[in-house]
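I opened the notebook to look at enclosed space first, then at the ligand site.

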Amino acid sequence: MIPLFKVAMSEKASALVGEVLDSGYIGQGAKVDEFERALAKRLDNPRILTVNSATSGLHLALHLVATESGRDGEVLATALTCTATNWPILANGMRIRWVDTDPATLNVDLDDLARKITPTTRAIVLVHWGGYPVDLDRLNRVLDQAERVHGVRPRVIEDCADAWGATYKGVPLGGHGNISVYSFQAIKHLTTGDGGLIVLPDDELLSRARMLRWYGIDRDGGGARFKNDIPEYGFKFNMNDINAAIGLANLETVDGLVARHRENAAFYDGELAGVDGVELTERASDRNPSFWYYSLKVDNRDAFVLRMKEAGIATSEVHERNDVYGATQGCKAVLPGLDGVAGRHIAIPVGWWVSDDDRAHIAKTIKGGW
Ligand SMILES: Cc1ncc(COP(=O)(O)O)c(C=O)c1O
C-alpha cells in the first residue's frame with residue numbers, strides 16, 4: 001500500500017538523541033535553545049518559541065487572546081480542520097462561531113468571515129488546509145474594513161500545523177503579523193516526535209508566552225526561581241532536549257522532503273486537470289504550499305476510495321468537519337460551502353516517499369475511473 005503519511009527521520013537523529021541521553025540533562029536546555037535559534041533563522045523571525053505540541057501552542061495562543069480581550073464574545077473558526085485547531089477555543093472557555101469553507105481552497109471562506117465579524121469577535125482561528133496558505137493579504141483587508149466599521153481588529157491565530165515550508169508572497173507563514181502555530185508531530189514534514197512552534201507578532205506577547213509555557217515562571221530569573229513572584233499562572237507546554245535533538249537533525253533534511261512533496265503535487269496538477277469526476281483545488285501564484293497531503297474533490301467518494309484501495313493506494317479525508325461532533329453542538333451554523341465539499345474532498349499520497357512510479361500509478365488509477 002502506498003501510504004498517505006510516513007515518518008521522516010534523518011539518519012543523524014539517533015546519534016544526536018544519544019548525546020542528549022548520555023549528557024545527564026534531558027529537560028528544556030541547551031538543545032532547545034539551539035533548535036530555537038535554528039528555527040528562528042529558518043523562518044527569518046526571532047519571535048518564536050518551541051512548545052510540546054501544536055495543540056499546546058494553540059491553547060497558549062487562545063489563552064493569550066482570552067486574557068487580553070476577554071472570554072465572552074466569540075471566536076470565528078473554520079469547521080473543516082483537525083479538532084486540535086478548535087478544541088483549544090472550547091478549552092479556554094470561549095464560544096465558537098463557524099465560518100464557512102471556500103470550496104476552491106478548502107480554507108476559510110473570507111467573504112463569510114467578513115460578514116461574521118462583529119464588535120464581539122475576540123479572535124479568528126484559521127487553518128492552512130493541507131499546507132495551502134490562506135490569502136493573508138485579503139484577510140488583512142477584511143480586518144481593515146472590520147476595524148473601520150466596528151472599531152475592532154480581532155487577533156488572528158493561524159494553524160500552520162500542516163504547512164512547514166509554505167510561503168505566502170515569498171514570506172514563510174508566521175511572518176504576517178498574526179499568532180501562528182506549527183506542529184512537529186510524528187508524521188509532519190518536520191518532526192520532533194511530538195512538538196510545536198508558536199510565532200508571536202510582537203515582543204510583549206513573546207515574553208508573556210515564554211513565561212506562560214512554563215508555569216508563568218521566568219526561567220532566566222536567576223536564583224531560586226520559585227521564590228520570585230509568578231504574576232500569572234502558566235502551563236507545562238515546553239519542549240525538552242530529546243525532542244529538540246530530533247528536530248535539529250530533521251531540520252537539516254526537511255527542505256529536500258518538502259521539495260519532493262511539491263514536485264509530486266505539480267505532477268498531479270498536470271495529470272489530473274480535466275479528468276472526469278475530479279476537481280482540483282486552487283493554485284494561486286503568490287503562494288508556495290507545502291502539500292502535507294494533496295486534496296482533491298471527487299464524485300462518488302466511497303467508490304473512489306475503494307478503487308484506490310484495490311490499487312494499493314491509501315487515501316483519507318484526513319479530518320472530519322468539526323461541527324458534527326457532540327462537543328460543538330452548541331455552535332450550529334448553516335455552512336453551504338462546507339456542505340458542498342464535505343462529501344467530496346479526499347487526500348492522496350504526495351509525500352517524499354512517493355516515487356515516480358508510484359505517482360504515475362496513482363494518476364493512471366484515477367484516470368482509469370472508479
Ligand atoms: C491542522 C492541524 N492542527 C493541529 C494539529 C495538532 O498538532 P499536534 O499533534 O502537534 O498537537 C494537527 C495534527 O495533525 C493538524 O493537522
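What volume does the largest cavity have? I looked it up in this predicted model: about 100 Å³. I counted 13 residues in its lining, and those closest to its centre are Trp129, Tyr132, Thr281, Phe291 and Tyr293. By class, I noted 6 nonpolar, 5 polar and 2 charged residues in that lining.

Next I checked its placement. Domain 1 (13–251) and domain 2 (254–367) both contribute to the lining, so the largest cavity lies between them.

I then asked how many cavities of 30 Å³ or more the structure holds. The answer is 2. The second largest has a volume of about 40 Å³. Its lining is Lys6, Ala8, Ile187, Lys188, His189, His261, Trp292, Trp352 and Trp353. I logged that lining as 5 nonpolar, 2 polar and 2 charged. The second largest cavity also lies between domain 1 (13–251) and domain 2 (254–367), because both give residues to its lining.

I moved on to the ligand. Of the 16 residues around it, Ala54, Thr55, Asp159, Ser183 and Lys188 come nearest. Lys188 is also in the lining of the second largest cavity.

Which polar atoms does the ligand meet at residues 54, 55 and 159? A backbone polar atom of alanine 54 sits 2.9 Å from a ligand oxygen. For threonine 55, I found a polar side-chain atom 2.5 Å from an oxygen of the ligand. Aspartate 159 places a side-chain N or O atom 2.6 Å from a ligand nitrogen.

I then checked coverage: the protein covers 90% of the 390 Å² of accessible area that the ligand has on its own. α3 (54–69) and α4 (83–91) are the elements giving two or more residues to the shell. I sorted the shell into 5 nonpolar, 8 polar and 3 charged residues.

Definitions and conventions:
Residues numbered from 1 in each chain as written. Predicted model: local features only at pLDDT ≥ 70, side-chain atom pairs only at ≥ 80, totals over all residues. Heavy atoms only, no water. 1 Å grid on protein atoms, 1.4 Å probe; cavity = no way out; pocket = protein on both sides within 12 Å on 5 of 7 lines; lining within 4 Å. Points joined across faces, edges and corners; volume = space filled by probe spheres on them. Nonpolar A, V, L, I, M, F, W, Y, C, P; charged D, E, K, R; others polar. Domains from an automatic or database assignment. Near = heavy atom within 4 Å. Polar contact = N/O pair within 3.5 Å; in protein donor to acceptor, adjacent residues only side chain to side chain. Areas by Shrake-Rupley, 256 points an atom, 1.4 Å probe, with all protein chains shown as cover. Helix = DSSP H or I, 4+ residues; strand = E, 2+ residues; numbered from the N terminus.
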